[in-house]
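Biologist: Before planning any bench work, I should like to go through this model with you. May we begin with empty space in the interior and then turn to individual residues?

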Amino acid sequence: MAHLIRHKLSNKLTNAAHTVSNKSQAKVSGVFARLGFQAATDEEGLGFAECDDLDYDYRQGMQMDVLQGDEEGGDMEGEGDMDGDSHYQRDGTGPRPSSLKTGGSLDEDKPKITTWEAGWNVTNAIQGMFVLGLPYAILHGGYLGLFLIIFAAVVCCYTGKILIACLYEENEDGIKVRVRESYVDIANACCAPRFPALGGHVVNVAQIIELVMTCILYVVVSGNLMYNSFPGFPVSQKAWSVVATAALLPCAFLKSLKAVSKFSFLCTVAHFVINILVIAYCLSRAREWAWEKVKFYIDVKKFPISIGIIVFSYTSQIFLPSLEGNMQKPSEFHCMMDWSHISACVLKGLFALVAYLTWADATKEVITDNLPSTIRAVVNIFLVAKALLSYPLPFFAAVEVLEKSFFQDGGRAIFPDCYGPNGQLKSWGLGLRVILVVFTLLMAVFVPHFALLMGLTGSLTGAGLCFLLPSLFHLKLQWRNLLWHHVFFDVAIFVIGGICAISGFIHSVEGLIEAYTYDIHD
């Protein structure tokens, strides 16, 4: 008993010393943060403190178990220190603490996804139906367009990795701890302490623009495909867009993506069927391929639009933090990013080159429009079905961002909550969702140009979310741990991404103005 009392007193003294040490370190960290040498926010500091307290309590609890086991004659090895640190590990190999300091029971872990499932999600995101616009990019870029498909894959893979690196900070033991959960958290940490919410607002705006533009592109491509599938029908492309939007109006009533997720596998199957049909037709005409048409030249006016198209086809950074946080083995994230982007690069490059060789200068904005009428109708119907089934995903994501930003921001929202006490969506909230669907229709009707819209979106938000912001955040948050070549890569990506974004945006806007003027006169 005396032995047990001595250990309890020793634990209390050690705990008091840890508390004083943590407070002093917090004060020093706060001073450095205000001087601009550390980008950690107050919330992240509290997160570090909570991790340290949980770790300390768990280790002390293990020591008490050892003491009690010794008194009861149990033979327990001293493994408390090693297990106590296991909650820092994110590879799923270490045990979790059995209890919390607050006295509550630990919630059961949510089901995690495997590395293969994570890679499948990334592959679906960067191998979507917007790949159909890549042959049009080769038309205006030649071999340089193929090089950009490879270059964009390498850069997007790298920026995805450094974006995840910004979620982590080293604790006092030199172990990396996940202190941030999302792209918005990273942006806010980068702008702290002077503008702690500015970065999150910028990222949210970029996300909303990209998600809404994705919805618009789905409506545009649906109208375009139906118009070219049935040219004998007295129905214009704009009228087909209205029909497609009428089928999409039920999206305004969505409460969750549970119902929509059932169709995700069907979308993937339809996409692979389409690719196989297009490639099979192109291979059947291999003897007619126009290799002499692929040259080392660029269309100075239209090539920047092609850059936006290529970049937009690789955008996946928005959901990578959430994906990595739900992996069973986050330590395999880098490997997953490598093989998913390598496979995407190979498939996109082959698809774009084979399709362009088949039709050369006659290549259209959506490559399926080049197919013979007998095959085109079947392929385009598959594409329309995929577009309509894919629309709810970005639409629901955009609605969630808008609702959390303007209607549910913890009492700081600009507008009243759009949900009632029982969780039911209010009538005016439903009306706003319908307005968003109608807005995507109006944009698709007034600007029915798939390639130009895709290039504009890729230049405006794709380059920002995939090139500019990850490299900037990485330099800001991880600069003390970076080697010189990492700094060089980040700066080079930021500069190149900025040039591509500005030039692509300017030329896309010019192209849209010219096309809109032509449509009016026509």
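Modeller: Please bear in mind that the model is predicted. The largest cavity holds about 50 Å³ of space, and the structure has 1 cavity of 30 Å³ or more.

Biologist: Which helices each supply at least two residues of the lining of the largest cavity?

Modeller: The lining consists of Leu 148, Phe 151, Ala 152, Ile 307, Ile 310, Val 311, Phe 467 and Cys 500. These residues divide into 8 nonpolar, no polar and no charged. At least two residues of the lining come from each of two helices, H6 (143-165) and H12 (303-312).

Biologist: Which residues have the most contacts inside the largest nonpolar core?

Modeller: The largest nonpolar core has 116 residues. Its largest share, 15 residues, comes from helix H8 (residues 198-229). The residues with the most contacts inside this core are Tyr 314 and Tyr 391.

Biologist: With which residues is Tyr 391 in contact, leaving aside its neighbours within four places in sequence?

Modeller: Tyr 391 is one of the two residues named for the most contacts inside the core. With neighbours within four places in sequence left aside, its contacts are Cys 215, Tyr 218, Val 219, Leu 248, Cys 251, Val 437 and Thr 440.

Biologist: Is Thr 214 buried or exposed?

Modeller: Thr 214 lies in helix H8. Not counting residues up to four places away in sequence, Thr 214 touches Phe 130, Phe 312 and Pro 394. Its C-alpha is 9.7 Å from that of Ser 390, although the two are 176 residues apart in sequence. Because its relative accessible area is 10%, and the limit is under 20%, Thr 214 is buried.

Biologist: How many residues apart along the chain are Thr 315 and Ala 463?

Modeller: Thr 315 lies in the loop between H12 and helix H13 (320-325), and it is buried, with a relative accessible area of 12%. Beyond residues up to four places away in sequence, Thr 315 touches Ala 125, Ile 126, Glu 210, Gly 462 and Cys 466. The C-alpha atoms of Thr 315 and Ala 463 are separated by 8.7 Å, while along the chain these residues are 148 residues apart.

Biologist: In which helix is the place of Ala 501?

Modeller: Ala 501 counts as buried, at 10% relative accessibility. Leaving aside neighbours within four places in sequence, Ala 501 is in contact with Ser 459 and Ala 463. From Gly 455 it is 46 residues away in sequence and 9.8 Å away in space, C-alpha to C-alpha. The place of Ala 501 is in helix H19 (residues 484-521).

Biologist: Why does Cys 157 form no bond with the closest cysteine sulfur?

Modeller: Cys 157 is buried, with a relative accessible area of 9%. A disulfide requires a pair of cysteine sulfur atoms within 2.5 Å. The closest cysteine sulfur, in Cys 156, is too far for a bond, because its distance from the sulfur of Cys 157 is 8.9 Å.

Biologist: To how many disulfides does the count come?

Modeller: A disulfide is a covalent bond between the sulfur atoms of two cysteines. By the rule of a pair of sulfur atoms within 2.5 Å, the count comes to 0 disulfides.

Biologist: What percentage of the residues in the protein chain is buried?

Modeller: The protein chain has 19 helices and 2 strands. Among its contacts with a separation of 6 or more, residues 24 or more positions apart account for 79%. Of the 522 residues in the protein chain, the buried share is 48%.

Notes. Residues are numbered from 1 along each chain as its sequence is written. This is a predicted model: local features need pLDDT of at least 70, side-chain atom pairs count only at pLDDT 80 or more; totals for chains, interfaces and linings use all residues. Side-chain values use heavy atoms; hydrogens and water are left out. A nonpolar core is a set of buried Ala, Val, Leu, Ile, Met, Phe, Trp, Tyr and Cys residues joined through side-chain atoms within 4.5 Å. Buried means under 20% relative accessible area, exposed over 50%, partly exposed in between (1.4 Å probe, protein chains only). Helices (H or I, at least four residues) and strands (E, at least two) are DSSP runs, numbered from the N terminus. Contact means heavy atoms within 4.5 Å. On a 1 Å grid over the protein atoms alone, a cavity is a set of points where a 1.4 Å probe fits but cannot get out, and a pocket is an open set with protein on both sides within 12 Å along at least five of seven lines; lining residues have an atom within 4 Å of a point. Grid points are joined across faces, edges and corners, and a volume is the space filled by probe spheres set on the points. Ala, Val, Leu, Ile, Met, Phe, Trp, Tyr, Cys and Pro count as nonpolar, Asp, Glu, Lys and Arg as charged, and the others, Gly among them, as polar.
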